[in-house]
Amino acid sequence: MSQFWSDIVKELQPYVPGEQPKEGQFIKLNSNESPFPPSPHAVALMEKALHGSLALYPDAEATPVREAVAQYYAIEPQQVFVGNGSDEVLAHIFHGLFCHQGKHILFPSITYSFYPVYAKLYQVAYREVPLAVDYSIDLNPYLQANSEEVSAIIFANPNAPTGIALSLSQIEQLLNAQPNILIVVDEAYVDFGAETAVALIAKYPNLLVTQTLSKSRSLAGIRVGFAFGQASLIEALIRVKNSFNSYPIDRIAQAGAIGAFEDEAYFNQTRQMIIDSRTYLSQAVQQMGFEVLPSSTNFIFMRHSQLEAAQLAFSLREKGILVRHFKQKPIEQFLRVTIGTQKNCEKLVNALCEIVSKGM
Ligand code: PMP
């Protein structure tokens, strides 16, 4: 049979998400989900939506969601774009905003591994910029980039899977240095200790910030993400989206998103519990000889000088705990561990203690 798909599709190596086991009782510390359920208020609004008008298409502009989020960040609804998880928002950005004939985009060599996947899918030329020796993002190559050659720069802040954040003043330094390059800051993990750049959109027309409800708002299951930027950039994204799917997120997701932003107390309480457990887990594993990179996220990135990371992940799996190991150099010796409930962090510490004391 002749193959009728294109060479581009044949070459694609899609993003591989963290394992979602279908069987067995695992403690899941491998895909940076929240260990807590969504806000009860958000759930109540979703239940109401479930019994509402599901036979009808949702609000095509997602206006109530954009209004709620705009109010939360003290910006305008026209400065908010809504998509099916920030993955979809990022896909629209790569597809619609990054493609410039003869130019390329820049991103760190170690960052969210979906960026090279989108770049290949949408045929966006890209160059990867190595991290600094301490695994932080080295700003200099981005500050020196030539806007005749570079159309856009994208990075996660805090970065993933390292967990290290740039400060807001470093981001502003980049924006000042590069007024003619589109700067996209992926803030999937920003709520766990970094500073959001959303307020900077008023001053910098070349800034887009993306966020998600999947992490700090415990709503990975309903797939809601955002982009924030000046109205003209958001309008461009809406055109891309409407050329693909004329409706944004469904009615249930719209209700859940509004509820999540209305329940600030629950948001603060759950993210603080994650930050506290992160402190506990970081200290406990350091006492066992692990090096832990400074984390501003809901995960830690750690390595042991004597124990091999792939083997560690395997041994933990055998004890019913899933963590994430990336084979990519130079991070092949690290494990990325999502912060679970305090109880599950303690179970992880006990399991690691046994593994480390036996030398695996
Ligand atoms: N950006 C980064 C850095 C991430 O780690 C993730 C989660 N895998 C996303 C974006 C996408 O998150 P979601 O599609 O669930 O909003």
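What follows is a walk through the helices, a few single residues and the unusual backbone spots of this structure.

The model is a predicted one, and the predictor is fairly explicit about its confidence. Mean pLDDT for the chain comes out at 95, with 99% of the residues at 70 or more. For the complex, the ipTM is 0.99 and the pTM is 0.95.

Helix H10 is a handy place to start. It runs over residues 264-287, and its 24 residues should span 34 Å at 1.5 Å a residue; the end C-alpha atoms sit 35 Å apart, so the expected and modelled spans agree. A good number of its side chains point into the protein's interior in the burial count: Tyr266, Thr270, Arg271, Ile274, Ser277, Arg278, Leu281, Ser282 and Val285 are buried. The cover over these buried residues includes strand S9 (290-292), strand S10 (299-304) and helix H12 (342-358). After H10 comes Gly289, with a positive phi near 100°.

Two helix pairs can be described in some detail. In general, a packed pair is described by the angle between the two axes and the distance between them. For H10 and H12, the axes come within 10 Å and cross at roughly 5°. An angle under 35 degrees counts as roughly parallel, so H10 is roughly parallel to H12. On the H10 side, the contact is made by Ser277, Tyr280, Leu281, Ala284 and Val285, and on the H12 side by Gln342, Cys345, Val349 and Leu352. Of the H10 residues in this contact, Ser277, Leu281 and Val285 are among those listed as buried.

The other pair is H3 (residues 63-73) with H9 (residues 251-262), whose axes come within 9 Å and cross at roughly 15°. That angle makes H3 roughly parallel to H9. H3 contributes Pro64, Val65, Ala68, Val69 and Tyr72 to the contact, while H9 brings in Gln254, Ala257, Ile258, Phe261 and Glu262. The crossing of H3 and H9 is left-handed.

As for single residues, Lys241 belongs to helix H8 (residues 231-242). Lys241 has 22 other C-beta atoms within 10 Å and is therefore buried, the cut-off being 20 or more. Leaving aside residues up to four places away in sequence, Lys241 touches Gly83, His92 and Pro248. Its C-alpha atom is 9.7 Å from that of Ala91, although the two residues are 150 apart along the chain.

Val16 sits in the loop between helix H1 (7-11) and strand S1 (27-28). With 9 other C-beta atoms within 10 Å, Val16 is exposed. Between Val16 and Asn344, 328 residues apart along the chain, the C-alpha separation is 25 Å.

That leaves the backbone oddities. Most residues other than glycine have a negative phi, and most peptide bonds are trans. Ala74 has a positive phi near 55° without being a glycine, and it is placed in the loop between H3 and strand S2 (80-83). Ala74 is exposed, with 9 other C-beta atoms within 10 Å. Ser218 is another non-glycine residue with a positive phi, about 55°, in the loop between strand S7 (207-212) and strand S8 (225-228). Ser218, however, has 22 C-beta neighbours inside 10 Å and so counts as buried.

Cis peptide bonds turn up too. The one from Ala160 to Pro161 has omega near 5°, and Pro161 lies in the loop between strand S5 (150-156) and helix H7 (168-177). Lys329 and Pro330 are also joined by a cis bond, with omega about 0°; Pro330 is in the loop between strand S12 (324-325) and strand S13 (334-338).

Definitions and conventions
Residues are numbered from 1 along each chain as its sequence is written. This is a predicted model: local features need pLDDT of at least 70, side-chain atom pairs count only at pLDDT 80 or more; totals for chains, interfaces and linings use all residues. pLDDT is the predictor's confidence in each residue, from 0 to 100. Helices (H or I, at least four residues) and strands (E, at least two) are DSSP runs, numbered from the N terminus. The expected span of a helix is 1.5 Å times one less than its number of residues. A residue is buried if 20 or more other C-beta atoms lie within 10 Å of its own, exposed if 12 or fewer, and partly exposed in between; C-beta atoms are placed from the backbone. Two residues are in contact if their C-beta atoms, placed from the backbone, lie within 7 Å. Axes are lines fitted to C-alpha atoms, for helices over the stretch in contact, and angles run from 0 to 180 degrees between N-to-C directions. Angles under 35 degrees count as roughly parallel, over 145 as roughly antiparallel, 65 to 115 as roughly perpendicular and the rest as oblique. A crossing is left-handed if the near helix is turned anticlockwise from the far one by less than a right angle, and right-handed if clockwise.
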